[in-house]
Amino acid sequence: MTPAARIQAAIEILDGVIAAANGNGPPADRLVADWFKNHRFAGSKDKRAIREHVYDAIRTCGPVPATGRVAMLGLVEEQGELRELFDGSQYGPPKIGKNEKPAEGGVAAEWLEDLLIASDVGEDDAAALLGRAPLDLRVNTLKTSRDALELPETGEMLAHENALRFPGGTQVSGWPAYEAGLVEVQDLGSQLACLAVGAQPGETVIDLCAGAGGKTLSLAASMANRGTLIAADTDRRRLSQLGPRAERAGAEIAREVLLDPDRELEALADLVGQADRVLIDAPCSGTGTWRRNPESRWRLSKGDLMRLVRIQSHLLEVASQLVKPGGSITYVTCSLLNDEGARQVERFLSANPDWSPAVPELPLGSAHGPGIRLMPSRDGTDGFFIARIGKAC
């Protein structure tokens, strides 16, 4: 493919990404993969260039752009060398007209930018949300140690003793160590969130929003497979992925529990007042993960945010029923919005005087309200809010 043809391919994909964002369609990575599948003439260099054009253009736009072409014109404003590729050639994009305007820049839609500012997210912090994320691994201490681990590439040692960092896009899934379950792909911020739980061998621990089980596996390692670890979620498809992952990792999960929304305690009735620790990895806006999913900021509406805040509040109430006296809840969101983080926990504490903050000691992060905030700009992690609260004895 010619460089101009790659630009036109990126525009076509961007049109699909924009339509999907407006209509709750598939994510950008799936649309990119589908385009490659249907255009097998594209070589590896073509695919790499097209993918970079697509994601660079997404990062350049603030609000959802009107078309893929205006999104790409926004990228031209930052990468001027691309202008000459709008040459009107057979497979390339038409020349840029005098009156054509690029997509609006910025971090996100105005209402969302306002919420970030109100949540003490500075300009540099916001810009870092649209950078490129590295690939972090967690050494699985159920099977090995960081010192004993042998990998094809040397990773950067991080603040957490079991974390290693590699360049984004590193193909670790084919490494023997990955296939043997010696390492798991997990952002450093997620690893620190699990560290904040403080799970100990012999305890009863519930991962209330386990999803596909990334944090559950980390908790199993913290507990050294001793105690009772429960993985619960409302998403049957994601929860079904945990079993094979746990087997590969050598992690022992006491049981997996499929929950009905708003009826969670019915499925967890035997655990009411029994848990030493509950982790709430709450559904959220994902503002802290824009480095990995930059188009997700185009999908979030004010209504979506309100719905998520209600779910988070409900999950805190559910978790509070599961914890025994002297136990704790660790509340985690990959969001930097106060409505989903500090303010959410403050509301719970205000309404429940028998609970109090027990801020965890972590090697990274800054104090933020009743918890800790991790920022890409300062900590090199995804953005997280982490709070641990304890129940009176």
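Helix α1 (residues 3–23) and helix α4 (residues 68–78) cross at roughly 120°, and their axes come within 7 Å. At that angle α1 counts as oblique to α4. Keep in mind that this is a predicted model. Besides the helix crossing, here's a quick tour of the aromatic pairs, a charge over a ring and one loop residue.

**The α1/α4 crossing**

- Two packed helices are described by the angle between their axes and the distance between the axes.
- The oblique label follows because roughly 120° lies outside the 65 to 115 range for roughly perpendicular and isn't over 145, where roughly antiparallel starts.
- As for handedness, the crossing of α1 and α4 is right-handed.
- On the α1 side, the contact is made by I7, A10, I11, L14, D15 and I18.
- Helix α4 brings G68, R69, A71 and M72 to that contact.

**Aromatic pairs**

- How many aromatic pairs does the structure hold? There are four.
- One of them is W35 with F41: the ring centres are 6.5 Å apart and the planes sit at 80°, so you can call the pair edge-to-face.
- Are the two partners buried or exposed? W35 is buried, at a relative accessible area of 10%, whereas F41 is exposed, at 58% relative accessibility.
- The exposed label for F41 holds because its 58% is over the 50% cut-off.
- F166 and W175 make another edge-to-face pair, with 5.4 Å from centre to centre and 75° between the planes.
- Here F166 is buried, with a relative accessible area of just 2%, and W175 counts as buried too, at 7% relative accessibility.
- Both of those pairs get the edge-to-face label because their plane angles, 80° for W35 and F41 and 75° for F166 and W175, are over 60 degrees.
- If you're looking at W35 and F41, take in F36 as well: W35, F36 and F41 form one aromatic cluster.

**A charge over a ring**

- Which residue lies over the face of Y178? That's R248, at 4.4 Å from the ring centre.

**T289 in its loop**

- You'll find T289 in the loop between β8 (275–281) and α13 (302–322).
- Although T289 sits in a loop, this residue counts as buried, at 14% relative accessibility.
- The buried label fits because 14% is under the 20% cut-off.
- What does T289 touch, leaving aside its neighbours within four places in sequence? T289 is in contact with C334 and D382.

Note on methods: Residues are numbered from 1 along each chain as its sequence is written. This is a predicted model: local features need pLDDT of at least 70, side-chain atom pairs count only at pLDDT 80 or more; totals for chains, interfaces and linings use all residues. Side-chain values use heavy atoms; hydrogens and water are left out. Rings of Phe, Tyr and Trp (its six-membered ring) pair if their centres lie within 6.5 Å; planes under 30 degrees apart count as stacked, over 60 as edge-to-face and the rest as tilted. Buried means under 20% relative accessible area, exposed over 50%, partly exposed in between (1.4 Å probe, protein chains only). A charge sits over a ring if NZ of Lys or CZ of Arg is within 6 Å of the ring centre and within 35 degrees of the ring normal. Axes are lines fitted to C-alpha atoms, for helices over the stretch in contact, and angles run from 0 to 180 degrees between N-to-C directions. Helices (H or I, at least four residues) and strands (E, at least two) are DSSP runs, numbered from the N terminus. Angles under 35 degrees count as roughly parallel, over 145 as roughly antiparallel, 65 to 115 as roughly perpendicular and the rest as oblique. A crossing is left-handed if the near helix is turned anticlockwise from the far one by less than a right angle, and right-handed if clockwise. Contact means heavy atoms within 4.5 Å.
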